[in-house]
Amino acid sequence: MKKFWTVTLAAVMSLAAQQTVYIGTRSTEGIYRMQFDPATGAIRDVKVAAKTLNPTFLAVHPTRPLVFAVVAAPEGKVGSFAVEPDGGLRLLNEVSSKGEGPAHVQIDRTGRWVSTANFTSGSVAVYRIEADGRLSGAVDSAQHAGKGPHATRQTGPHAHSTYFSADNKWMYAADLGIDEVKVYGFDARTGKLTAGSPLKTPAGAGPRHLALGNKRVYVLNEIASSVSVFENGKLLETVNALPDGFTGASSAAEVVIDKAEKYLYSSNRGADTIAVFRIGAGLKKVGDVKVGPVPRGFVLSPDGKFLIAGSQTDSTIQVYRIDAKTGLFTAVGEAVKANGPICFRFRL
């Protein structure tokens, strides 16, 4: 009897410690959610949390029961969802993304504002989070202009993502079409943007996503499958993120750094790898880990012990355990299914 109660108590404690992960998808099924066990890396209870069209990228509010998603409908939209007691999501409202092809959504450091980037039209916008959790109409927006040297990918601006600086005074917007990361002054009282001096990546690189370090900005270049490192507005280096000797077609998708800013990870669609770099005076490649076909988004667990990656082609999600000494990682358990997983966000 004593053994029975010990096992049961351990099981209850494990369930209580589980964390919810919301999953943005490229599918008609909508936003998924799943339960993650931070002790073992096990995932379970993968199910649809809210039905909506192609909610590719998400942002989970740090203190309020809210999730925001871009909606790749015929007209670009950004949606606000309330988190229900069972973890499901209830749509509160949708507002215009102020452009076409919204591709990213982010929450500012005060938790009062949401930003989005419109890939097709090359524009960005900012919204206020109202007291009831709904989004206001756009309080400000900016249209990018220009083009890059790539004949088919850079015929015009393609804003791909937005990020707020740690001090919340700046908003960065990576634009794949013009080889620039726009830098906007951000007024957290009004939500207004003021254009500043951009960060310029190598010609034809195609900046897509960012990882913000203590002093550095790490820019993932989709077209070139590379990472450019900036500090104080100056380009320090650009490193190849593909495996040595790789000659096939590939494009970069996501970049993440750990909390200690010791390791940087970037995914490659085509090579189907996640590159691991050690961060020091520069970036030093540690290795390339083979993952599922066409890896898009991935995320580190809050404690940094696991990496969760999605494979867009075969609609699977795999958990990996990270070796703290090397930054490399190995698969844990079996992959689970979710339709077109693109983005992973923990709700703590």
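Select strand β27, residues 316–322, together with β28 in this predicted model. Six bridges join β27 to β28, and the two strands run antiparallel. For one individual pair, display Arg321 and Thr330: Thr330, in β28, is the bridge partner of Arg321.

Next, widen the selection to the sheet that holds these strands. β27 and β28 belong to an open sheet of four strands, whose order is β25-β26-β27-β28. The pairing in this sheet is antiparallel. Which strands stand at the edges? Select β25 (295–300) and β28 (329–337): each has a single partner strand, so one side of each is left without a neighbour in the sheet. From one strand to the next, the twist averages 20°.

A word on what holds such an arrangement together: strands of a sheet pair through backbone hydrogen bonds, and the pairing is either parallel or antiparallel.

Now move to another sheet and select β21 to β24. These four strands form an open sheet in the order β21-β22-β23-β24, again with antiparallel pairing. At its edges are β21, residues 251–257, and β24, residues 283–290, and each of these strands pairs on one side only. Neighbouring strands of this sheet are turned against each other by 20° on average, with direction ignored.

Finally, isolate β21 and β22, the latter covering residues 263–269. How many bridges link β21 and β22? The two strands pair over five bridges, in the antiparallel sense. To see one such pair, select Val256 and Tyr265: Tyr265, in β22, is the bridge partner of Val256.

Terms used:
Residues numbered from 1 in each chain as written. Predicted model: local features only at pLDDT ≥ 70, side-chain atom pairs only at ≥ 80, totals over all residues. Heavy atoms only, no water. Pairing = 2+ DSSP bridges. Axes fitted to C-alpha atoms, helices over the stretch in contact; angles between N-to-C directions.
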